[in-house]
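This report looks at how two chains meet and how their sheets are built. Please read it alongside the sequence and the model.

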Amino acid sequence: MLKRTLVANRGEIACRIIRACKEAGIESVAVHAENDAGTIFTEIADISVQLNGEGLAETYLNQQQILDVAIDQGCDSVHPGFGFLSERADFAQAVMDAGLIWIGPSPEAITKMGDKMTARITMKEAGVPVIPGEEINGGIEEVIEVAPSVGYPLLLKATAGGGGKGMRAVHHPDNLESEAKAAMREALNAFGDDRIYIERLLTGSRHIEIQVLADNFGRTIHLGERECSVQRRHQKVFEESPSVALDSELREAMGSAACNAARAVDYVGAGTVEFLVTPTGEFFFLEMNTRIQVEHPVTEMVTGVDLVREQLRIAGGEPMSCRELFMRGHAIEVRLYAEDPANNFLPSIGPLKRFIAPTGPGVRLDTGVREGDSVTPDYDPMLAKLIVWAPSRKEALQRMGRALDEFVILGCVTNIRFLRELCDHPDVVDGWTTTDMIDRLWPDGWNPEITQSISDAGLLIAAACESTNHGKRILLSQEISKAPSIFSTIQRRFP
Amino acid sequence: MEFKTSEGRAEIQLTKDGSSFIHEGMILHTGSDLLLEIDGRKHKVTATKVGDTWWVHVLGHTLQFEIVEPGATKADDDGGLCAPMPGKVLEVLVTEGQSVNKGDPLMVMEAMKMEHKIIAGSDGIVETIHYRAGDQVSQGAELLSLSE
């Protein structure tokens, strides 16, 4: 059983882990950069330590500093969350070398799965089907030489990466050189490694992943699938479980392939095996994410398994508590981003002057921000994950629509309306979700459908608020009615 | 009262009835909370002011209305190419004096760990390049100017 865990992350996933620790009776230590001081995760952790330095490299990616804090604070374990150091085998090793428990798989498993080439070879050997493709070690010349043999359209991916960074689709040989340069540069900036990998882009496919869980008592199980096909710029925005594309037979086939993948690297803890599923029902191994995933809540909602709690349990040397897989109802997650979907999904910044989240049955919000915070260009623009559960897919979509209508974020442009329209789109309602669907549905970019009556109403509200000084007046009357505090008198400075 | 929106300019004459306002058959009840009445059905709405802009949440939509001071005229885009977000210039793909076609990539920027291309909106000649590779730029900063 763990006693004190350092959470080497920030924002919503840090909150998620800290809360799981609290529930399990484990003390939590948060580490944060100066510009994260006062945010939710630093407040709910039992202990918060500010990291020295600026920028990601000196703070959240600074292995030595984080490890020093863990030792100083008497932690017995480190939870890396996702992103940042979560898939750094050297950090996992350093944590273990310092005598602490790494809440995740072994450094060997991370290395084997983290390098996409080694992962492919390992998977081929384990009998898991892989997509046709080639690895590039010789720079841009080799990209140009190898591309024709893979065929167009093709996908350039960072060998070391994930999360859409360093990933480029190339539909025509003319764009190959510039896109390959961009992919290599992004890969170098994001992962410190500019090797890329070329694979055939399977259009019209679905991105479906299997959650796996393995403990130290010889048990490796899968917890069903998550369909994550709806993506923009190779980042997921809408995830659901179960997938309409899987029947119990295909689910079992993919589930057992995923378990084989995990066993092939002696995997321990929570992990995800990603597959592309073609329209004909063939499936290919994409990659294995050796960490908890952003979209893990949808699995939790339909299986009733608390994945983070299981991670803590397994790392603490106990067997997992899961019984036989039982999927119930339907869950959907959408990712709320500070971005402008009407302007090519470009990130936006601004104050969260109002932030009113929806509530009600079957609604879950995982976020690290609250009203009064500001969205800055320093970190990933994801604001929150909104998850709903309902007895059927249809009801889950209706519930998500209702929840998104209730969600108020003012002061920073978000993708809420885009997600809302997505829930009503016939292709989504019919379950025809594919990885190229956003480009397919909105080839010239998305724009909100605003009726005359909505824009008239908006104009009325803005004008009425301006003329009544809405918001300000209330503040003023509160200030007047407030009795003078003795502390304000004491603090008053005289010349 | 006049506002600037994403669709252009919009003007409105307010009709007031106590603490309620009426426009196009809709009634807005003001107070500490805002309540909008359309065809006898009521909807809770939210509004807040950030700088000179009113942000309004109504029926699942979020709209922005920038207040236009009476008599003020603001020039719209003047052919300059501005940074769509704060970030860093990674690469300048053109030189001053070079002629470019609509759709040509001019610059590569990085923000929030993603790369974005700055594309020529029209045919023209690159007049001035204001930033070099490695420079940090703020949102809205003019990156380069094109002459027709």
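## Charged and polar pairs across the interface

Three salt bridges are counted between chain B and chain A; a salt bridge here is a side-chain nitrogen of Lys or Arg within 4 Å of a carboxyl oxygen of Asp or Glu. One of them links E91(B) to R185(A), with the closest N and O atoms 2.6 Å apart. Polar contacts add up to 11 residue pairs between chain B and chain A, both residues at pLDDT 80 or more. Such a contact is a pair of N or O atoms within 3.5 Å; within protein, one must be able to donate a hydrogen and the other to accept it, and residues adjacent in sequence count only if both atoms are side-chain atoms.

This is a predicted model: local features need pLDDT of at least 70, side-chain atom pairs count only at pLDDT 80 or more, and totals for chains, interfaces and linings use all residues. Residues are numbered from 1 along each chain as its sequence is written, chains are lettered from A in the order in which they are written, and side-chain values use heavy atoms, with hydrogens and water left out.

## Extent of the contact

Chain B gives 50 residues to the contact and chain A gives 51 (contact: heavy atoms within 4.5 Å). Together the two chains bury about 4,700 Å², with 71% of it on carbon and sulfur atoms. Buried area is the accessible area (1.4 Å probe) lost on putting two parts together, summed over both.

## The sheet of chain B

Chain B holds an open sheet of nine strands, ordered β2-β1-β9-β8-β7-β6-β5-β4-β3, with antiparallel pairing. Strands are DSSP runs of E, at least two residues long, numbered from the N terminus; two of them pair if DSSP finds at least two bridges between them. The edges are β2 (8–11) and β3 (15–17) of chain B, each paired on one side only. Neighbouring strands are turned by 30 degrees on average, direction ignored.

Strand β1 (residues 2–5) of chain B runs antiparallel to β2(B), joined by four bridges. In β2(B), E11(B) is the bridge partner of E2(B).

## The sheet of chain A

Chain A has an open sheet of four strands in the order β6-β9-β7-β8, again with antiparallel pairing. β6 (133–136) and β8 (168–170) of chain A each have a single partner strand, so one side of each lacks a neighbour in the sheet. Five bridges join β7 (residues 154–158) to β9 (residues 196–200) of chain A. Within β9(A), I198(A) is the bridge partner of L156(A).

Technical notes. Axes fitted to C-alpha atoms, helices over the stretch in contact; angles between N-to-C directions.
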